[in-house]
Amino acid sequence: MTTQPFFVPPSERRREASTWQGSAGSGDAGAGAGHVAADLLLNGWLGRLTGYLSPAALAGAWQDWASHLLLSPSKQLELVLQGQSAALRWLQFCADATRQCPATSLQPLAQDKRFADPAWQAWPWNAVSQAFLLTEQWWQRATTEVRGVSPHHTDVVSFVARQLLDGVAPSNFVATNPVVQQATIASGGRNLVRGAQRMAADVARALERKPAPLPFRPGRDVAVTPGKVVMRNRLIELIRYDAQTPKVHAVPLLIVPAWIMKYYILDLSPGNSLVRYLVEHGHTVYIISWKNPDAGDRDLSMEDYRELGVMAALDAIGNQTGAAKINACGYCLGGTLLSIAAAAMARDGDERLASMTLLAAQVDFTEPGELSLFIDDSEVAYLEAAMWQQGYLDTRQMAGAFQLLRSNDLIWSRRLRHYLLDLPDKDNDLASWNADATRMPCRMHSEYLRRLFLKNRLANARYIVDGHPVSLTDIRIPIFAVGTLTDHVAPWRSVYKIMPLTDTEVTFLLTSGGHNAGVVSPPGTPHRAYQAATHAHDAPYVDPDSWQADAVQHGGSWWPAWETWLARRAGPQVVAPPPLAGCPDAPGQYVLQA
């Protein structure tokens with residue numbers, strides 16, 4: 001279904017209508033719409049040259065920073081003095097290193113492994129690495145704490161400077177990387193030859209827009225938990241997993257994954273499958289598998305995703321099981337959509353939900369993490385132009401944004417391993433899933449960015465469902481929210497905001513790891529720990545830092561703690577139902593769409 005735009009202020013309504021109604025001068029659109037179409041065509045074409053980063057947004061950030069730096073002589077003097085100090089420190093380091101005296105060196109950040117090899121500690125490579133780290137430190141200071149620059153522009157300028165520096169790091173080049181030189185000597189140069197061949201193959205594949213074959217294929221290596229596709233519409237397939245125990249809990253569980261990802265992030269290889277873990281503990285699990293949209297789905301909206309996704313799945317589960325109550329779990333964007341649906345259900349008196357679990361999901365977007373670097377009015381308008389032409393956000397566009405956020409690990413370190421050191425990637429199920437990207441319909445993605453990221457309407461009780469706003473404070477069911485400690489997509493302090501925005505009992509759990517690896521954390525995973533505490537609906541607010549300081553830490557996976565919480569809300573044990581006959585086997589068709 002296609003919904004009409006809801007009431008918004010006139011200025012916003014004009015902006016939204018200009019994108020979706022601005023066809024190339026056809027029908028009643030007239031010359032004005034034709035001009036809009038020309039704008040979109042131009043910006044879409046430029047986007048291919050700029051990696052879909054808005055030149056206007058970058059120029060505005062640079063102008064804001066440069067003009068305020070020009071008007072800040074104290075900051076200029078500070079940078080001059082810091083530059084002189086860095087130069088003297090480097091010269092002193094070189095003098096000490098050449099005399100083999102103990103030298104005080106600047107250490108890279110803990111996550112920066114570019115200079116971790118012992119070869120970088122020998123002269124002259126230690127001097128090379130120190131020069132780079134001191135330069136990096138100076139630019140970090142130069143692009144931050146300039147009085148008058150907006151926080152967003154500060155982040156953008158600092159990010160661009162970091163990208164440029166990452167590109168010229170000495171670890172990227174044969175002439176300045178001792179590890180590559182040693183590998184080249186040891187192999188007689190074969191590492192560079194094979195690396196060049198691998199690079200040529202990657203370039204050819206990129207030009208053909210042909211994805212690399214997945215080492216872990218859905219239905220063969222991953223997404224193999226037995227189940228059936230019990231419902232399909234134009235947007236989702238609903239999978240019900242076969243019972244693995246003689247008895248199961250009476251209250252079924254619906255999992256709503258993000259449509260930015262294939263659902264099997266939660267059903268990887270058997271040892272890494274959260275779905276299998278839940279089924280083996282007596283839960284009847286349903287999961288949504290989203291269609292990978294194409295140009296024909298360009299007008300699918302956020303409301304379509306709610307109605308054809310969450311609400312259609314709840315209806316199907318109720319009809320199949322007869323259950324009056326259903327537990328629901330949402331991951332990432334799926335958790336945001338589930339929160340919208342839960343708030344609308346609470347407003348309308350729909351009491352089918354027994355509990356709600358949010359995995360690394362945000363409902364307040366004032367601090368949305370590093371993705372906010374790519375989200376402002378200029379950038380969203382530029383992205384809309386690219387989506388308007390093709391009808392969807394391409395997989396490469398989204399993957400490129402995530403790669404830039406972690407360019408050290410995902411671009412330059414991979415280039416070093418693949419093309420210079422001749423070290424192929426180590427295949428694993430999570431990395432294979434990460435390469436299995438999806439598209440997003442242009443209308444839905446535009447609404448998501450504008451209404452949630454830019455306007456933050458859900459947190460402000462201004463998000464419209466069926467013509468009326470919804471409020472998270474209407475939700476009365478217990479909530480279990482999971483944040484991950486090093487998440488750069490949904491920072492845990494942002495996830496924590498579900499606590500003050502709802503008027504119900506919230507159990508918050510903070511686990512080690514990032515956005516994906518922190519969630520995919522089965523029992524037995526080494527170096528895992530979590531903290532958890534429950535906040536009563538009438539208890540005083542506790543800020544996230546105080547919560548982290550006071551919450552008890554536990555070693556191991558967080559899965560058992562959640563399953564225990566879920567089991568208490570899943571009803572009594574009943575005889576397990578038999579597998580449904582006549583339904584297609586999981587993982588279904590939609591997950592296999594390229």
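**Exercise 1. Determine whether Arg493 is buried, partly exposed or exposed, and describe its salt bridge with Asp545.**

Solution. Begin with the classes: buried means under 20% relative accessible area, exposed means over 50%, and partly exposed lies in between, with a 1.4 Å probe and protein chains only. Arg493 has a relative accessible area of 37%, so Arg493 is partly exposed. Asp545, at 42% relative accessibility, therefore counts as partly exposed too. The model is predicted, so local features need pLDDT of at least 70 and side-chain atom pairs count only at pLDDT 80 or more, while totals for chains, interfaces and linings use all residues. Residues are numbered from 1 along each chain as its sequence is written, and side-chain values use heavy atoms, with hydrogens and water left out.

Next, take the pair itself, where a salt bridge is a side-chain nitrogen of Lys or Arg within 4 Å of a carboxyl oxygen of Asp or Glu. The side chains of Arg493 and Asp545 meet in such a bridge, at 2.8 Å from N to O. Helices (H or I, at least four residues) and strands (E, at least two) are DSSP runs, numbered from the N terminus. Arg493 lies in helix H17 (residues 492-495) and Asp545 in helix H19 (residues 544-550), so that the pair links distant parts of the chain, 52 residues apart.

**Exercise 2. Locate Asp166 and Arg114, and work out which parts of the chain their salt bridge ties together.**

Solution. The closest N and O atoms of Asp166 and Arg114 are 3.2 Å apart, and the two residues form a salt bridge. Asp166 lies in helix H6, whereas Arg114 lies in the loop between helix H4 (73-98) and helix H5 (125-142), so the pair ties together parts that are 52 residues apart in sequence. Asp166 counts as buried at 3% relative accessibility, and Arg114 is buried with a relative accessible area of 11%. As a last step, follow the shared partners: salt bridges join Asp112, Arg114, Glu136 and Asp166 into one network. By the salt-bridge rule, the count comes to 29.

**Exercise 3. Find where Arg451 and Glu447 lie, and state how far apart they are along the helix.**

Solution. Both residues lie in helix H16 (residues 442-454), four residues apart, which is about one turn of the helix. An α-helix has 3.6 residues a turn, so residues three or four places apart point the same way. The side chains of Arg451 and Glu447 meet in a salt bridge of 3.4 Å, N to O. Arg451 is buried at 6% relative accessibility, and Glu447 is buried with a relative accessible area of 7%.

**Exercise 4. Describe how helix H3 and helix H6 pack.**

Solution. Axes are lines fitted to C-alpha atoms, for helices over the stretch in contact, and angles run from 0 to 180 degrees between N-to-C directions. Helix H3 (residues 55-70) and helix H6 (residues 151-167) pack at about 100 degrees, with their axes 9 Å apart. That makes H3 roughly perpendicular to H6, since angles under 35 degrees count as roughly parallel, over 145 as roughly antiparallel, 65 to 115 as roughly perpendicular and the rest as oblique. Contact means heavy atoms within 4.5 Å, and the residues making it include Trp62 and Trp65 of H3 and Val156 and Val160 of H6.
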